[in-house]
Amino acid sequence: MKIDTYRLYRSIYAPVESNMYILIEGDEAIVVDSNINEEVSLLFNSKNIKKVHLFLTHEHYDHSCGVHWLKNKFDISLYCHKDSKGLLSTKKNCSPRLVAFVLSTKDMSDGGHRAETFINELTDYDLEPDVFFSDNQILEITNHRVRIIHVPGHTPASSLIVMDEKIVFTGDSLIKDNKIITSFRGGNKEDMLNITLPKLKALQDDLMVLPGHGETFMKKEFDFSIYDV
């Protein structure tokens, strides 16, 4: 995936098609969200990666399930919003039952076996971030400027990761043609409407959006009128 001057790699977690993004700079890597993919391990080894900066856009299992796997293989620093403290656990806010429910619904519609496969691959975890970030914080990672925008609603700690004011990783807070889901545990419709929607609309139009699910798009392409019905 080539976006402007960035060469980004994407790993897709097949059961729910969630995205993990990877940017390599010398012997360091910036990763946004995580899943388990041996090809990523091979990539890091081939590039002789010494340090990985791993950002989570939010707490949910399908975006955080690969953290321990990566930590067992590489020198990882985990970055999360401060409101995720105590929630990054499969016994708390990261319950994989959320994912299993979504997959079961899809299976009912087309006769698939996603939920069964997913349940057989489940791993429990209780994560402790190395760095807690906050709203409007600026981080200098490798040679990139990372700006944090806190966007509660989908989860308490949901955040946008803006890189160099050119691209933005949005997790489940901005997905093409989709409303933000607030019905899962930790979701808050009032926060989504009163705090997050104004922040999303205020993003510059020329930002390239890299969502937690689906393909990339320009922010100016998002039709916010879906929230008016």
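**Group meeting talk: a walk through one predicted chain**

Okay, let's start with one residue: find Asp 33, in the loop between strand 4 and helix 1. Before we go on, keep in mind that this is a predicted model.

So, is Asp 33 buried or exposed? Asp 33 is buried, because its relative accessible area is 2%, and the cut-off for buried is under 20%. There's also something to notice in its backbone: phi of Asp 33 is positive, about 65°, and the residue is not a glycine. Why point that out? Because most residues other than glycine have a negative phi.

Now slide back to Glu 17, in the loop between strand 2, residues 6-13, and strand 3. Glu 17 isn't a glycine either, and here phi is positive again, near 55°. Where Asp 33 is buried, though, Glu 17 is exposed, with a relative accessible area of 52%. The cut-off for exposed is over 50%, so that 52% puts Glu 17 in the exposed group.

Next stop, Asp 27. You'll find Asp 27 in the loop between strand 3, residues 18-25, and strand 4, residues 28-32. Asp 27 has 38% relative accessibility, so we call it partly exposed. Which residues does Asp 27 touch, leaving out those up to four places away in sequence? The answer is Asn 48, Ile 49, Lys 50 and Lys 51. Take Lys 51: it sits 24 residues from Asp 27 along the chain, yet their C-alpha atoms are separated by 6.8 Å.

Let's hop over to helix 1, which covers residues 38-46 and includes Leu 43. Leu 43 counts as buried, because its relative accessibility is 15%. If we skip residues up to four places away in sequence, Leu 43 touches Tyr 9 and Ile 24. Asp 172 is another story: that residue is 129 places from Leu 43 along the chain, and the two C-alpha atoms are 26 Å apart.

What about the other end of the numbering? Lys 220 is in the segment after strand 13, and that strand is residues 217-218. Lys 220 counts as exposed, because its relative accessibility is 58%. From Lys 220 to Ile 195 you count 25 residues in sequence, and 20 Å in space from C-alpha to C-alpha.

Okay, cysteines. How many disulfides does the structure hold? Zero. Cys 65 is buried, because its relative accessible area is 6%, and Cys 80 is buried as well, at 2%.

Now let's zoom out to the whole chain. There are six helices and 13 strands. The C-alpha atoms fill a box of roughly 50 × 40 × 30 Å along the principal axes. For 229 residues, a compact globule would have a radius of gyration near 17 Å, and the chain agrees because it has 17 Å. Buried residues make up 53% of the 229.

How do the contacts run? Take those between residues at least 6 apart in sequence: 62% of them join residues at least 24 apart.

Last, the outside and the charges. The accessible surface comes to about 10,600 Å², and 49% of that belongs to carbon and sulfur atoms. The chain has 26 positive and 34 negative charges, and the mean positions of the two sets are 2 Å apart.

That's my tour, thanks!

Methods: Residues numbered from 1 in each chain as written. Predicted model: local features only at pLDDT ≥ 70, side-chain atom pairs only at ≥ 80, totals over all residues. Heavy atoms only, no water. Helix = DSSP H or I, 4+ residues; strand = E, 2+ residues; numbered from the N terminus. Rg over C-alpha atoms; globule rule 2.2 N^0.38 Å. Buried < 20%, exposed > 50% of the residue type's maximum accessible area, 1.4 Å probe, protein only. Contact = heavy atoms within 4.5 Å. Areas by Shrake-Rupley, 256 points an atom, 1.4 Å probe, with all protein chains shown as cover. Lys, Arg positive; Asp, Glu negative; His and termini not counted. Charge placed at Lys NZ, Arg CZ, Asp CG, Glu CD. Disulfide = S-S within 2.5 Å.
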